[in-house]
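Biologist: I am new to this structure and would love a close look at one part of it. Could you walk me through how the strands are put together?

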Amino acid sequence: KSKNDEIGIKYLKIGEIMSFSFRTNFWGTTEFWCDVYKGPDYKRFRGFTAYQVSGLFVKDGSSYNWLARDDGIYFHKDSLPSYYKFYWK
């Protein structure tokens, strides 16, 4: 979700990938946030900023990848290695 775009709720199966694309706005204020729920009762939760512009001169076309695992949420950009980013609350 962002201030201007609502992607909607998506239910993913184990191993399923959701992807979408967007372009940063002219003012360099583009931001997307994500709420992830885990488990059959959806009691495990984590909300986080999934994308935020980091400067005025932004290179579009990068790939931002988030992976939810049992032990937490991992991130990697483009072809760089994944690393642990957030724990489940």
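Modeller: Happy to; here is a short tour of the strands, ending with a patch on the surface. Please keep in mind that this is a predicted model.

Let us begin with the three-stranded sheet. This open sheet runs in the order β3-β4-β5, and its pairing is antiparallel. β3 (64–69) and β5 are the edge strands, each with a single partner strand, so one side of each has no neighbour in the sheet. From one strand to the next, the twist averages 40 degrees.

Now look at one pair within it. Strand β4 covers residues 72–77 and strand β5 covers residues 83–86, and three bridges join them in the antiparallel sense. One contact to find on screen is F75, whose bridge partner in β5 is Y83. The two strands make a hairpin with five residues between them, and D78 in the turn has a positive phi of about 50 degrees.

Another hairpin is built from β1 and β2, again with five residues between the strands; here G39 takes a positive phi near 95 degrees. β1 pairs with strand β2 (residues 44–52) in the antiparallel sense, over eight bridges. Along this pairing, Y37 stands opposite F45 in β2.

Y37 also leads us to the surface. Together with I9, Y11 and Y42, Y37 makes a nonpolar surface patch of about 540 Å². Y11 comes from the segment before β1 (31–38). With a relative accessible area of 61%, Y11 counts as exposed, because the cut-off for that word is over 50%.

Key. Residues are numbered from 1 along each chain as its sequence is written. This is a predicted model: local features need pLDDT of at least 70, side-chain atom pairs count only at pLDDT 80 or more; totals for chains, interfaces and linings use all residues. Side-chain values use heavy atoms; hydrogens and water are left out. Patches are made of residues with over 30% relative accessible area and no salt bridge: like charges are joined within 9 Å, nonpolar side chains (Val, Leu, Ile, Met, Phe, Trp, Tyr) within 5 Å. Accessible areas come from the Shrake-Rupley method with a 1.4 Å probe; for residues, only the protein chains shown count as cover. A salt bridge is a side-chain nitrogen of Lys or Arg within 4 Å of a carboxyl oxygen of Asp or Glu. Helices (H or I, at least four residues) and strands (E, at least two) are DSSP runs, numbered from the N terminus. Buried means under 20% relative accessible area, exposed over 50%, partly exposed in between (1.4 Å probe, protein chains only). Two strands pair if DSSP finds at least two bridges between them. Axes are lines fitted to C-alpha atoms, for helices over the stretch in contact, and angles run from 0 to 180 degrees between N-to-C directions.
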